[in-house]
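Colleague: Before I use words such as buried, cavity or aromatic pair for a model, I would like to hear the reasoning behind each of them. Could we go through them one at a time?

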Amino acid sequence: MKITVVGTGYVGLVAGACFAEFGQKVVCVDYDRQKISQLNAGEVPIFEDGLEDLLTRNVAAGRLSFSHDLPVAVPGSDVAVIAVGTPGKSGGETDLEHFHRAISDVLANIDSRLILVIKSTVPMGTAARTREWVKQITNPDQRIDIVSNPEFLRQGSAVNDFLNPDRIIIGGDSRHALRLMREVYGPLEKRNIPVVLTSNETAEMIKYAANTFLALKISYINEIANMCDHFGADVTKVAEALGMDSRIGPSFLEAGPGFGGSCLPKDVKSFVNSSKKRGYTFRLGKAIISANAYQRRAVVAKVKSLLGSLRGKRIAILGLAFKANTDDVRESPAMYVIKRLHHSGAKVRAYDPAASAPARREVPRIQYVNDAYAACDGADIAVLLTAWDEFRNLDFSRIHQSMAQPIIYDTRNALNRDQLGKLGFVYFATGRATLGDAKQHVETVAAVARKKRKAKPARKRGPAIAGIN
Ligand code: UGA
């Protein structure tokens, strides 16, 4: 079978590489010539564990190739997979420009019966609308089957998720197309991974229902964390105990600054928007959006309540990516937080193991440094916003000595509270301390820091700090 995958983002590239791994002949197409040149030179344009090996192996085996020339790539294909980006627009609308262009370009170049697979996340009802549109722009004797095949892989563990999915969803109304798609996923079905065959509408609904449920779980635990802050309970214990209930399950119960990324925020909004267009109010979806917006605002409010006025305060930011193990800052809570802190007059110095370059493009005004120590040096507070493993293994006694005030706000509950307490840090987290206690602690620390400053000659600050880029 020959498969053309259009779009080499993390979904398209991973799907293409994995289909090749399953033994199919795959061409990955992208309009971005630079990306294709990189791929042809053996470079991987995205940060994904295991992807480089997979690409190298399948290119060497002659099963996988890359092209920016769609008219050359498409002829002879049995299957065309559309995996282009479908970014969100304001009001929950989705930008389908790339999606439409990819389909019309594919259809302009086919020479035989084709299965058109929609892997991009598209608004509810898109497959049906596409079927009508395709009928209008192709010859009546041209057979095109539309299949909805949503993807559930996560950035950062995309290859592993693709090769070990919980289920495969194939939606469509053509028996021929469903049979061929089962063949494509044959190696996974042989390993007893369930395949759900259904209609296009149901497949689309499954994708949105899944992402919205994950968003709901995160927002639920975040709300519980906020309640814990008010009542002095510990959300990490609550989540652990909740997860022991097999009806609830332990995953996606980590409280934090709210969910981000290019999928969950956009998909919940799109789901709410689609339901509104059909005259139904999706109340829970609206509540998730509101709870998630509150959560990142609450981080800024907490920093303000801990430090008082932010004008001139030095704030160290640990983590910019929307989650660990990715360099993606789209809809990252950290990006919102740094913008607000900077806007309030704070001197923000940030470090992320992978995401500083994209963060700098979005927020050039703050200082980006090369390690966590440089970020914390002289800081009045360190705010951890992404749970990179690297942060768990820092030399915190060194950080304690270098900070102006040893205050850590661990929004992800990622650090060892007891260890930091023993070192003399004032430690705040999400859902693990009451605000009343926090204020008291901070006042004590500020008084100690004032004494420290009086006792010592003033430290030289500014450009002498190592690692600033
Ligand atoms: C998400 C889904 O998990 C995938 O199944 C789906 O395929 C993908 O969207 C998509 O639609 O393409 P992803 O955006 O890579 O994957 O990220 P997640 O791992 O779901 O994390 C999303 C956000 O939720 C991150 O900001 C993360 O930090 C946050 N999160 C996650 C929490 O705050 N707490 C948790 O317990 C889990």
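Colleague: What makes you say that the charged end of Arg 101 sits over the ring of Tyr 31?

Modeller: In this predicted model, the charged end of Arg 101 is 3.8 Å from the centre of the Tyr 31 ring. The distance cut-off is within 6 Å, together with a direction within 35 degrees of the ring normal, and so the charge of Arg 101 counts as sitting over the ring of Tyr 31. The charged end of Arg 167 is likewise placed over a ring, that of Phe 152, at 3.9 Å from its centre.

Colleague: Why is the contact between Phe 19 and Tyr 185 called an aromatic pair, and what makes it stacked or edge-to-face?

Modeller: Two values are needed, because a pair of aromatic rings is described by the distance of the centres and the angle of the planes. Among the 9 aromatic pairs in the structure, the one formed by Phe 19 and Tyr 185 has 5.5 Å from centre to centre and 75 degrees between the planes. Centres within 6.5 Å make a pair and planes over 60 degrees apart make it edge-to-face, so both conditions are met by Phe 19 and Tyr 185.

Colleague: How do you know that this pair links distant parts of the chain?

Modeller: Phe 19 belongs to helix 1 (residues 10–21), whereas Tyr 185 is in the loop between helix 8 (175–184) and helix 9 (186–190), and the two are 166 residues apart. Phe 19 and Tyr 185 also belong to one aromatic cluster with Phe 22 and Phe 162.

Colleague: Why are Phe 19 and Tyr 185 called buried?

Modeller: Buried means under 20% relative accessible area; Phe 19 has 1% and Tyr 185 has 3%, so both names are earned. Leaving out residues up to four places away in sequence, Phe 19 touches several others, including Ile 3, Val 26, Val 81 and Phe 162.

Colleague: Why does Thr 198, in strand 8 (residues 195–198), receive the label buried or exposed?

Modeller: Thr 198 has 17% relative accessibility, and because the cut-off for buried is under 20%, Thr 198 counts as buried. Beyond four places in sequence, the residues touched by Thr 198 are Ile 169, Ile 170, Gly 171, Gly 172, Ala 203 and Ile 206.

Colleague: Asp 380 is in a loop, between helix 16 (372–376) and strand 12 (381–384); what label does its relative accessible area give it?

Modeller: The relative accessible area of Asp 380 is 11%, which is under 20%, and therefore Asp 380 is buried. Its contacts, apart from neighbours within four places in sequence, include Leu 307, Lys 313, Arg 314 and Met 403.

Colleague: How many cavities does the search find, and what makes a space count as one?

Modeller: The search of the whole structure finds 2 cavities of 30 Å³ or more, a cavity being a space where a 1.4 Å probe fits but cannot get out. The largest cavity has a volume of about 80 Å³, and the second largest holds about 70 Å³.

Colleague: What kinds of residue line them?

Modeller: The lining of the largest cavity divides into 4 nonpolar, 3 polar and 4 charged residues, and its largest share, 3 residues, comes from helix 10 (residues 200–231). The lining of the second largest cavity has 8 nonpolar, 1 polar and 3 charged residues; among them are Phe 152, Phe 162, Arg 167 and Tyr 185.

Note on methods: Residues numbered from 1 in each chain as written. Predicted model: local features only at pLDDT ≥ 70, side-chain atom pairs only at ≥ 80, totals over all residues. Heavy atoms only, no water. 1 Å grid on protein atoms, 1.4 Å probe; cavity = no way out; pocket = protein on both sides within 12 Å on 5 of 7 lines; lining within 4 Å. Points joined across faces, edges and corners; volume = space filled by probe spheres on them. Helix = DSSP H or I, 4+ residues; strand = E, 2+ residues; numbered from the N terminus. Nonpolar A, V, L, I, M, F, W, Y, C, P; charged D, E, K, R; others polar. Phe/Tyr/Trp six-rings, centres within 6.5 Å; stacked < 30°, edge-to-face > 60°. Buried < 20%, exposed > 50% of the residue type's maximum accessible area, 1.4 Å probe, protein only. Contact = heavy atoms within 4.5 Å.
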